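Here are a few exercises to work through with the model open in your viewer. Try each one before you read its solution.

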Amino acid sequence: MQKRRKRGELAVVAAFLVLGFLLALQLKSVRQQTAVDATSASRLETLQELYNNVVNERDGLKDQLTTAQKELEDYRSAAASGEGSEALKSEVEYLSMVAGLTDVEGPGVMVILQDSTATNTSGEEADYLIHDSDLLSVINELRDAGAQALSLNGERILATSEVRCAGSVVLINGQRVAAPFVLYAIGDPTTLYNALTMRGGVVDVLSQWKIQVNVTMSEKLLIEKYSGSIATDYLSPAQEETEGSER
């Protein structure tokens, strides 16, 4: 009787052990499945984000294509109606104007700079003369104030123009010019005038050495075109990069 009871207890213990083992396996399986579901959800979210990016990029390219097609159609219509040549002529005229290759006129300021006539008290005569750095300071101030065209003693100032001292004169576009220096700047007259004459500005600084600077606003100035040549022997249109190409 006692042996049967022990056998029964052992069977119950064994059953509980088996049940515990099965529960542990089930719990492990549930955890693994949860981890898989979380990974799948993360991947799905990433794929959704990539899909949205592709859709947005596609829509952007579609808009660009629509714009390009419209421009192409406009050019075709202009060519068919004989207006194409006028459009090209207008564009060439505009580009020539901003490049300094045509005469321009408009409101602006005239700046006249003359060497100082004050008594030399520093012992350095150069302190009382206008240098290329002084002219560049005035030119840069005018550009920063929105000057759209500039000339110095009749020479059109381009992006490639040099302004530097060469002995007692100044070189600009390879031409020698001497004082008095006359600058024309086309732009908003009031803005240009205030940029030069503000307190502590370039005119104020030059006046400390008694260098005479006269700034006058004008409703109409004529600035002649650049008459020299522009070197382009080292320039060529940039080519579009292809995949795998090197600079």
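## Warm-up

Of the chain's 247 residues, 23% count as buried. Keep in mind that this is a predicted model. Its secondary structure comes to five helices and eight strands, and along the sequence they follow the pattern α-α-β-α-β-β-β-β-β-β-α-α-β. Among contacts between residues at least 6 apart in sequence, 74% join residues at least 24 apart.

## Exercise 1: the sheet

Work out the strand order of the open five-stranded sheet, and find which strands stand at its edges.

Solution. Start with the order: the sheet reads S3-S2-S7-S1-S8, and the pairing is antiparallel. Next, look at the ends. Strand S3 (155-156) and strand S8 (212-223) each have a single partner strand, so each has one side with no neighbour in the sheet. Finally, zoom in on one pair: S2 (residues 149-152) and S7 (residues 181-186) run antiparallel and are joined by four bridges. Leucine 152 sits opposite leucine 183 in S7.

## Exercise 2: a helix with a face

Find the buried residues of helix H4 and say how they are arranged around its axis.

Solution. First, pick them out: in H4 (residues 189-197), Pro189, Leu192, Ala195 and Leu196 are buried. Now look down the axis: the buried residues fall within an arc of 135°, so they line one face of the helix. Then ask what covers them; the cover includes strand S1 (104-114), helix H3 (132-144), S7, helix H5 (202-207) and S8.

## Exercise 3: the cores

Which residues touch the most other members of the largest nonpolar core, and which element gives it the largest share?

Solution. The core has 29 residues, and Val111, Leu113, Val138 and Leu142 touch the most other members. Elements giving two or more residues are S1, H3, S2, strand S5 (169-172), S7, H4, H5 and S8. The largest share, four residues, comes from H3. For a closer look, take leucine 113: beyond residues up to four places away in sequence, its contacts include Ile130, Leu135, Val138, Phe181, Leu183 and Val213. There's also a second, separate core of five residues, with Val104, Ala149, Ile186 and Ile223 among them.

## Exercise 4: a buried charge

What surrounds aspartate 134, and how far away is the nearest side chain of opposite charge?

Solution. Locate aspartate 134 in helix H3. It's buried yet has no salt bridge. The nearest side chain of opposite charge, lysine 210, is 16 Å away, whereas a salt bridge needs the charged atoms within 4 Å. Leaving aside neighbours within four places in sequence, aspartate 134 is in contact with Leu129, Leu206 and Ile211.

Technical notes
Residues are numbered from 1 along each chain as its sequence is written. This is a predicted model: local features need pLDDT of at least 70, side-chain atom pairs count only at pLDDT 80 or more; totals for chains, interfaces and linings use all residues. Side-chain values use heavy atoms; hydrogens and water are left out. Two strands pair if DSSP finds at least two bridges between them. Buried means under 20% relative accessible area, exposed over 50%, partly exposed in between (1.4 Å probe, protein chains only). The arc is that of the directions from the helix axis to the C-beta atoms. Contact means heavy atoms within 4.5 Å. Lys and Arg count as positive and Asp and Glu as negative; His and the chain ends are not counted. A nonpolar core is a set of buried Ala, Val, Leu, Ile, Met, Phe, Trp, Tyr and Cys residues joined through side-chain atoms within 4.5 Å.
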